[in-house]
Amino acid sequence: MIHRPHEEHKASPVAYLERWNLHNEIFGDQVIFLGALETEAGLRPVIRQPAIDGEPATDEEIPSFFTDSGWLPFVIEGNLAFFDPERNLVISGTHRGNIILMADGLHAPIDPRVQPISGSLLDTVTNLCAS
C-alpha cells in the first residue's frame, strides 16, 4: 500500500468508495456499494462484486497483465505495485489472491488497491519507476 508514514494506512469511507469507483472505471467491473453495517469497530461499508471463477494468477502473469496495459512496475516495502503516469494512479495489493486467471485466459483483478497520488508520493513513485 502507498501512504505517507504518518498517515493511517486504511482508507476513509469516502476514499474507500472512490477507490472502488476507480476500480470499476479501470477494469470494467461492477462493484456496487450497498450501504453500511454497524459493527463493534464502527461502520463498515458493504459492497457487492460479481463472482469470478478461476485460479490465482501466477507471479509471472501478474506483471504482464499490468505492463501490457501500460502500467509501470515498481517495488515499495517489498511489494510489487504499478503506476499509470498519465493519470497519476497507483495499483497496489497485486498479489496472487487479487488477480484471477479465468477459464477464457483473461485475468480479473478482484481487490487491488487503486488510488490517485500527488505531491511527495507522486515524486517517490516516479523515482521508483525510473530506477
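A residue counts as buried under 20% relative accessible area, as exposed over 50%, and as partly exposed in between. Gly 105, at 46% relative accessibility, is therefore partly exposed. The model is a predicted one. Gly 105 sits in the loop that joins strand S7 (99-102) to S8. Its C-alpha lies 9.4 Å from that of Gly 54, although 51 residues separate Gly 105 and Gly 54 in sequence.

From this loop, turn to the interior. In soluble globular proteins, nonpolar side chains tend to be buried together. Here the largest nonpolar core has eleven residues. They are Leu 22, Ala 57, Ile 62, Phe 65, Phe 66, Trp 71, Phe 82, Leu 89, Ile 91, Ile 99 and Val 114. Two elements give two or more residues to this core: helix H2 (61-67) and strand S6 (89-92). H2 gives the most, with three residues.

A second core is separate from this one and has nine residues. Among them are Phe 74, Ala 81, Leu 121 and Leu 122.

Leu 89 shows how one member of the largest core is surrounded. Residues up to four places away in sequence are set aside here. Leu 89 then touches Leu 22, Ile 26, Trp 71, Phe 82 and Phe 83. Asp 84, Gln 115 and Pro 116 are also among the contacts of Leu 89.

Next come the aromatic rings. The structure holds six aromatic pairs. In one of them, Phe 27 and Phe 65 have ring centres 6.3 Å apart and planes at 25 degrees. Planes under 30 degrees apart count as stacked, so this pair is stacked. The pair also links distant parts of the chain. Phe 27 belongs to helix H1 and Phe 65 to helix H2, with their positions 38 residues apart. Phe 27 is partly exposed, because its relative accessibility is 23%.

Phe 65 has another ring partner in Phe 66. Their ring centres are 4.9 Å apart and their planes stand at 80 degrees, so this pair is edge-to-face. Phe 66 has a relative accessibility of 1% and therefore counts as buried. Ring pairs link Phe 27, Phe 65, Phe 66, Trp 71 and Phe 82 into a cluster. Phe 65, Phe 66, Trp 71 and Phe 82 also appear in the largest nonpolar core.

Phe 27 leads on to a pocket. Rolling a probe the size of a water molecule over the atoms shows where empty space is left. The second largest pocket has a volume of about 230 Å³. Its lining has 13 residues, and those closest to the pocket centre are Phe 27, Gly 28, His 107, Ala 108 and Pro 109. Helix H1 (13-27), H2 and strand S8 (107-109) each supply at least two residues of this lining. S8 gives the most, with three residues. By class, the lining has nine nonpolar, three polar and one charged residues.

H2 ends at Thr 67. Thr 67 is partly exposed, since its relative accessible area is 34%. Beyond its neighbours within four places in sequence, Thr 67 is in contact with Pro 73 and Phe 82. Arg 96 is 29 residues from Thr 67 in sequence, and their C-alpha atoms are 16 Å apart.

Two loop residues have a backbone feature to check. Most residues other than glycine have a negative phi, and most peptide bonds are trans. Glu 77 has a positive phi, near 50 degrees. Glu 77 is placed in the loop between strand S4 (72-76) and strand S5 (79-84). With a relative accessible area of 66%, Glu 77 is exposed. Asn 88 has a positive phi as well, near 55 degrees. Asn 88 lies in the loop between S5 and S6. At 26% relative accessibility, Asn 88 is partly exposed.

One more loop completes the walk. Ser 118 lies between strand S9 (113-116) and helix H3 (119-130). Its relative accessible area is 48%, so Ser 118 is partly exposed. Ser 118 and Gly 93 are 25 residues apart in sequence, and 19 Å apart from C-alpha to C-alpha.

Conventions: Residues numbered from 1 in each chain as written. Predicted model: local features only at pLDDT ≥ 70, side-chain atom pairs only at ≥ 80, totals over all residues. Heavy atoms only, no water. Core = buried A, V, L, I, M, F, W, Y, C linked by side-chain atoms within 4.5 Å. Buried < 20%, exposed > 50% of the residue type's maximum accessible area, 1.4 Å probe, protein only. Helix = DSSP H or I, 4+ residues; strand = E, 2+ residues; numbered from the N terminus. Contact = heavy atoms within 4.5 Å. 1 Å grid on protein atoms, 1.4 Å probe; cavity = no way out; pocket = protein on both sides within 12 Å on 5 of 7 lines; lining within 4 Å. Points joined across faces, edges and corners; volume = space filled by probe spheres on them. Nonpolar A, V, L, I, M, F, W, Y, C, P; charged D, E, K, R; others polar. Phe/Tyr/Trp six-rings, centres within 6.5 Å; stacked < 30°, edge-to-face > 60°.
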